[in-house]
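Colleague: Mind walking me through this one? I'd like to get a feel for the fold before I head back to the bench.

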Amino acid sequence: MPSTREQGRAWERAAEALLRRRGLRTVARNYQCRRGEIDLVMLDGTALVFVEVRYRRSNRYGSGADSVTFTKQRRIVSAARQFLGRHAQHARRPCRFDVVSIGRGGDGVELDWIQNAFEAS
């Protein structure tokens with residue numbers, strides 16, 4: 001049985017594959033800093049997209065997207081600001097925050113890409 005971390009990496013790879021099929025290009029995976037972590041950083045045309053990947057085995061307590069709380073959003077935004085500070089070539093790009101919510105549906109696993117899932121404030 002794979003560990004929780006291994007399962008998380010597998011879902012992140014599945015989300016990345018979905019986004020790449022939709023035309024996005026990968027800039028970074030699992031960007032970590034003291035302020036937080038960003039699962040995927042991708043380019044969608046000229047826009048830099050910070051992607052949070054969330055898996056829920058059951059929708060009993062809401063979807064994966066529902067689990068991206070205000071606190072989690074602030075950590076992602078803070079990490080994104082640090083990413084932009086360390087990668088000046090991207091500092092002037094328009095940015096957005098997306099979520100790929102993964103859960104069980106009627107036909108098995110469903111991946112739901114939510115663009116502009118939340119705003120930086």
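Modeller: Sure, here come a few questions and answers about this predicted model.

Colleague: In what pattern do the helices and strands follow each other along the protein chain?

Modeller: Start with the inventory: the protein chain has two helices and five strands. Read along the sequence, the pattern is α-β-β-β-α-β-β.

Colleague: What radius of gyration does the protein chain have, and why does it agree with a compact globule?

Modeller: In box terms, the C-alpha atoms fill roughly 45 × 30 × 25 Å along the principal axes. A compact globule with 121 residues would have a radius of gyration near 14 Å, so the protein chain agrees with its 14 Å.

Colleague: What share of the residues in the protein chain is buried?

Modeller: Buried here means under 20% relative accessible area. By that cut-off, out of 121 residues in the protein chain, the buried share is 40%.

Colleague: Which residues of α2 are buried?

Modeller: Helix α2 covers residues 70–86, and its 17 residues reach 24 Å from first C-alpha to last, close to the 24 Å expected. The buried set in this helix includes Ile76, Val77, Phe83 and Leu84. The rest of the buried list is Lys72, Gln73, Ser78, Ala79, Ala80 and Gln82.

Colleague: And the charges: how far apart do the centres of the positive and negative side chains lie?

Modeller: The protein chain exposes about 7,400 Å², with carbon and sulfur atoms supplying 44% of it. As for charged side chains, there are 23 positive and 13 negative ones. The centres of those two sets lie apart by 7 Å.

Definitions and conventions: Residues numbered from 1 in each chain as written. Predicted model: local features only at pLDDT ≥ 70, side-chain atom pairs only at ≥ 80, totals over all residues. Heavy atoms only, no water. Helix = DSSP H or I, 4+ residues; strand = E, 2+ residues; numbered from the N terminus. Rg over C-alpha atoms; globule rule 2.2 N^0.38 Å. Buried < 20%, exposed > 50% of the residue type's maximum accessible area, 1.4 Å probe, protein only. Areas by Shrake-Rupley, 256 points an atom, 1.4 Å probe, with all protein chains shown as cover. Lys, Arg positive; Asp, Glu negative; His and termini not counted. Charge placed at Lys NZ, Arg CZ, Asp CG, Glu CD. Expected span 1.5 Å × (residues − 1).
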